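User: Hey, I'm new to this one. Can you walk me through it?
Analyst: Sure, let's bring it up and start with the chains.

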Amino acid sequence: MTKGALAAVLPAEALASGVAGGALAELEAAAEAVVRPESTDEVADTLQWATTNSVGVLPVGSGERLPKRSVQGRFIVLATDRLAGFEIYEPADLTLTAKAGTRLSSVNEALGAHRQWLPFDPPGVASRTLGGLVAMGESGPVATGYGELRSHVLGATVVTGDGRVLRLGGRVVKNVAGFDLLRPVVGSRGRLGVITSICLRAFPVPAVDRLLIFRAADVAGLEDVARAVRTAPTMPASVVVWAPTKKPAGEAALLVRLHGALPTVDADQATLQRSAGVVFESPADAAGISATVRDHAIDAAVGLRMSLLPSRLFEGLAAARDRLGDIMIAADAYNGSARLAAGEVDEAALVGLRDAVEALGGTLTVTRAGDGHAQPSLGSRPNSAERELAERLAKVFDPEGVFWPCRA
Amino acid sequence: MSAPDPRVVKRLGEIVGPDHVVTDPNRLLVYESDGLTSYRVSPRAVVLPGSTEEVAAVVRLLHGEGIPVVPRGAGTGLSGGALPTPEGVVVGTARMNKILEIDVENRLARLQPGVINARLTEAAKPYGLYYAPDPSSQSTCTLGGNVAENSGGPHCLKYGVTQRYVTGLTVVMGGGRVIRLGGAGRSPDGALDLVGLFVGSEGCFGLVTEIEARLLPVAEGVRTLLGIFDTMEAAGHAVTAIISEGLLPAAVEIVDNATIRAVEASVYAGGFPVDAGAALVVEFDGTEAGLDADADRAEACCHAAGASEVKRATDATQRAALWNGRKKAFGAMGRIAPDLLVQDATVPRTRLPEVLARITEIGERFELNVANVFHAGDGNLHPNILFDRNDADELDRVERASKEIMSLCVEVGGTITGEHGVGIDKRGYMRLVHNEVELKAMAAVKDVFDPDGLFNPGKVLPDALTGETIRDPAMAAR
Ligand SMILES: Cc1cc2nc3c(=O)[nH]c(=O)nc-3n(C[C@H](O)[C@H](O)[C@H](O)COP(=O)(O)OP(=O)(O)OC[C@H]3O[C@@H](n4cnc5c(N)ncnc54)[C@H](O)[C@@H]3O)c2cc1C
């Protein structure tokens, strides 16, 4: 029925199936239709239809890493895979505009031909779509050296829940023409609108990408070196604390990346070694090892994100190991956030950890819910004023509440 | 302007102390405008609270009486953002100038909004830290104003603008409610980037009473180059070549011939050749070891683009000398004409040479003196129009030339303001970049924060979308 109704507003190609498996396949089975629009206008038509007919909409990018969630009521899946390709790439402007379904891997390939790249390295970055990246708002640890994703999204076309098309920001690096409605869209996880096109700032590829490693028997053994690196008078590209899941490996490592020209990187390494009083290993395959660490345990049953001031990070990590046992830790030691991955986690342990992290002034959220007790609702919440404003803001963008996960 | 109810003035005095309520018309004069002096409106009163609690009480009282609040920092804004509204009371942050904490280990500062930008960097210096965004007005403008305008500065090419550095805010909202947004080390579930949205809201959402901001380690070394070019076009090509080399300078700034002449005719004269078409300042900072190599490559780009001369500074004194022509440009121009309109627009960097040529053509056509000083690395232009506001015909030509310049910048993919904000001045240009649907969405978002429309009404959004409008007194003064 839904499919028939949609056929009246969309071309046949937009309703042909073809999106891949995984968590998405399960959703497809539950959805009334999968819509694959090719243009902003088709997205707008779809959303207008959904608002008029009170049907929920689940926007998906690659769909590869969709966490399991229970979706209630009537809904359709809106996939952005046909919204792919570059719109404007002017290397000398160091900006790129592309459609939201474009994969990061193909973006970086095109940029690479001009020795440029997008400095973001969240887990699974290569297979992410630009839209998914921006919707999730995760920069990854290289934000230390380059700044967060949120400050590099220069513009986007966003379709609101009721099908209005908003062209927010622009394609210049400085722009204060009116209230910055783009900021809350970045990281809103599909709650405010479907992003159809994005303009991002690109950066020159550094001449040298050097990885420095310091190993310790456990995470606690990294603390002093991490603090020394974090407070040294130089800015690395990233500082990551890593401890893999499975015992007996058990070993922990601090991974520091330095980007720049050769003399700069040599001097920065010397500065860090002097500050920390250690000599780092420097393996040949910096990019490969960094990618392994970045994507490790990406499909674990339960994913958590812990945020703290960097000075409290190790207390938080100790609390996590205490309460959750054998978990994978990948923490950004410069900004104090950590990705934790585990098998099942029981509710009491999770709530206990959340309370402990909040007592340290931080937050704990569930990014991948398992089949068991680790449900998103157990995570730390914004304060009441922030919640109230977020809800009212969501109403501006999505008056009828068609977007998942707002939908009850 | 109508004098405020004496009862309200008395209550305000009880909250902040009678000395901190200004109603004497002579003392109100300085609050009549911000840095855009062609608009002037006398406020009903100015209140200078000393704490978040006092701001909350003041806003509660005023909003209870239906009186709009116009937040004000140092009044250096260049778009009329802090321009009083005839019915409103100005709430100034001058007394809220304390740096509350420098958290050295986490590289964070917590401060009140009236802290002067340069003072924060000064206070952080003993710890080897500094605050990156550096508007050219940094010795006088406040952090509260920077947050409200999302201010930039010469070094934002490499380091980004204010938004990137603000991690948390305490805000007094409509009716005097105090709320906290964000905060470093927190990212709760379902949070939206309200801090990012608040930055750049030009005093229209609420009054910021506390700011948490990131600090960076001071760079170990700096190299500054000054390239002299026969033509603006050649300087523009040098910029494109430097960026295409994969270099990431901290700053890339250009001054044109008209500006060079103004500077050389002033007390700030720095020995620039007055017949040069353009002077280009390029600065690199970071680890000492790599700087000379970067500077060498940039210097080669300048020569290849036809520079007649390239000077290099390696110490602070030489550096100050090379920057002089850029930094003193506004002051020098103030000398040669009674009024100066500092325009602000951004274009994609590669379009700079073409846009500058067309701005020159527009200036000539309207018989106006236009001098360009700008953040070339960001494509952020400041065409400065020199004029005399007592000359009605010239004033009219300034208006028309400004509009053409704005349309031109938008036409090549740019925007109507890169860092000075919309304020009162650019509301009329908002429709060049945003359609009705987008403007309505902005108005709806303003409504989310300020449902009664009592914070800085009549700013940012074009007339039909705002509440109170600034009427003739201001426009007549133009
Ligand atoms: C010579 C000169 C050079 C300049 N160079 C630059 C530059 O390089 N880059 C740049 O970006 N700008 C520049 N400016 C513009 C100006 O200095 C900035 O916009 C600055 O941020 C304004 O700060 P202020 O304290 O003077 O704010 P004001 O002018 O007093 O106010 C500006 C706006 O902020 C609001 N506001 C102020 N305080 C608060 C608060 N606590 N809460 C909420 N809203 C508030 C006001 O209502 C108003 O809308 C320059 C100005 C001059 C005169």
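Analyst: This is a predicted model. Chain A and chain B bury about 6,300 Å² between them, and carbon and sulfur atoms give 57% of that area.

User: Which three residues supply the most of what chain A buries against chain B?
Analyst: Lys174(A), Val176(A) and Phe179(A), with 15% of the area that chain A buries there.

User: And how many residues are in contact?
Analyst: On the chain A side there are 70, in contact with 86 residues of chain B.

User: OK, switching to the ligand. Which residues are closest to the ligand?
Analyst: Pro71(B), Gly73(B), Thr76(B), Ser137(B) and Thr142(B) are the closest, out of 33 that surround the ligand.

User: What does the ligand have 2.6 Å from one of its oxygen atoms?
Analyst: A polar backbone atom of Pro71(B) is 2.6 Å from a ligand oxygen. An N or O atom in the side chain of Thr76(B) is also 2.6 Å from a ligand oxygen. For Gly75(B), a polar backbone atom lies 2.8 Å from an oxygen of the ligand.

User: How much of the ligand does the protein bury?
Analyst: 93% of the 980 Å² that the ligand exposes when taken alone.

User: Which elements give two or more residues to that shell?
Analyst: In chain B, strand S3 (69–72), helix H5 (143–149) and strand S10 (207–214). H5(B) gives the largest share, five residues.

User: What's the mix by class?
Analyst: The shell has 18 polar, 11 nonpolar and four charged residues.

User: And which domains does the shell draw on?
Analyst: Domain 1 (6–92) and domain 2 (99–217) of chain B each provide at least three residues.

Methods: Residues numbered from 1 in each chain as written. Chains lettered and ligands numbered in written order. Predicted model: local features only at pLDDT ≥ 70, side-chain atom pairs only at ≥ 80, totals over all residues. Heavy atoms only, no water. Near = heavy atom within 4 Å. Polar contact = N/O pair within 3.5 Å; in protein donor to acceptor, adjacent residues only side chain to side chain. Areas by Shrake-Rupley, 256 points an atom, 1.4 Å probe, with all protein chains shown as cover. Helix = DSSP H or I, 4+ residues; strand = E, 2+ residues; numbered from the N terminus. Nonpolar A, V, L, I, M, F, W, Y, C, P; charged D, E, K, R; others polar. Domains from an automatic or database assignment. Contact = heavy atoms within 4.5 Å. Buried area = accessible area lost by both parts, 1.4 Å probe.
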